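Visitor: Please take one part of this model and go through it closely, with the cut-off behind each term you use. I would like to see how that part is held among its surroundings.

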Amino acid sequence: MSPDAGRHASPGPEQLHSTDRVPVAEADAGMLPTPEDSKRAPVWENYVVAQASQAALGLIPVHALAVGVVVERYDIRLHVQLRERNDGDVADMAEIVFELELLLGREARVELVGEVLDAPELGTRPAVVWFYAARGY
């Protein structure tokens, strides 16, 4: 028995399906979902939000109040609301953008929108899908 027997790898983007139910074995390996072809992801926006969450793991700035994205086809805006901004926060935000660009592929354009606020303003930006909000506000 091989050392990997019984282990299950987590599914990659090439294994995501929609209602088309394309079997994993028939999916084109290495193909990322796109706004024009979402058969491997139920909704492009959900895919981008999931990838943004992945890109932000361990990188959410210390002073972050909220982090979210706006998805307009290949134009992605990463919104970061901060209590204050320092060099470490700026470096973390730049790294999130870099990671997100890698995860989404060459055609995606990721823009950073950073704001310094006293408290998170989640309800005033209805187009943003927030995936992180600091506690206590």
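Guide: What follows is a close look at strand 2, and then at the parts around it.

The model is a predicted one, in which local features require a pLDDT of at least 70 and side-chain atom pairs count only at pLDDT 80 or more, while totals for chains, interfaces and linings use all residues. Residues are numbered from 1 along each chain as its sequence is written, and side-chain values rest on heavy atoms, with hydrogens and water left out.

To place the strand, the protein chain contains two helices and four strands, in the order α-β-β-α-β-β from the N terminus on; here helices (H or I, at least four residues) and strands (E, at least two) are DSSP runs, numbered from the N terminus. Of the 137 residues in the protein chain, 33% are buried, where buried means under 20% relative accessible area, exposed means over 50%, and partly exposed lies in between (1.4 Å probe, protein chains only).

Strand 2 covers residues 75-82, and its partner strand 1 covers residues 64-72. The two run antiparallel and are joined by eight bridges, the rule being that two strands pair if DSSP finds at least two bridges between them. Val67 stands opposite Val80 of strand 2. The hairpin that these strands form has two residues between them, and in this hairpin Arg73 takes a positive phi near 55°. Eight of the nine residues of strand 1 are buried, so that strand is largely enclosed by the rest of the structure. Strand 1 also pairs in the antiparallel sense with strand 4, over four bridges, and there Ala66 has Ala133 as its bridge partner.

Within strand 2, His79 deserves a separate look. His79 counts as buried, at 9% relative accessibility. Apart from its neighbours within four places in sequence, His79 is in contact (heavy atoms within 4.5 Å) with Ala66, Val67, Gly68, Val70, Val113, Val128 and Trp130. For the protein chain as a whole, among contacts with a separation of 6 or more, 60% are between residues 24 or more positions apart.

What charged pair joins Asp75? Asp75 forms a salt bridge (a side-chain nitrogen of Lys or Arg within 4 Å of a carboxyl oxygen of Asp or Glu) with Arg109, and the closest N and O atoms are 2.6 Å apart. Asp75 lies in strand 2 and Arg109 in strand 3 (residues 109-116), so this pair ties together parts that are 34 residues apart in sequence. Asp75 is partly exposed at 33% relative accessibility, and Arg109 is partly exposed as well, at 47%. Side chains of opposite charge can pair when their charged atoms come close.

The structure holds four salt bridges. One of them links Arg77 with Glu72, at 3.4 Å between the closest N and O atoms; Arg77 is partly exposed at 24% relative accessibility, and Glu72 is partly exposed at 42%. In another, the side chains of Arg125 and Glu115 meet at 2.6 Å, N to O. Arg125 lies in the loop between strand 3 and strand 4 (129-133) and Glu115 in strand 3, so this pair ties together parts that are ten residues apart in sequence. Arg125 counts as buried, at 19% relative accessibility, and a network of salt bridges links Glu115, Glu121 and Arg125.

Strand 2 also helps to cover helix 2 (residues 87-104). The buried residues of helix 2 are Asp89, Met93, Ile96, Val97, Leu100 and Leu104. They span an arc of only 95° around the axis, which puts them on the same side of helix 2; the arc is that of the directions from the helix axis to the C-beta atoms. What covers these residues includes helix 1 (44-56), strand 2 and strand 3, whereas Asp87 and Leu102, on the other side of helix 2, are exposed. After helix 2 comes Gly105, with a positive phi near 95°.

Terms used:
The expected span of a helix is 1.5 Å times one less than its number of residues.
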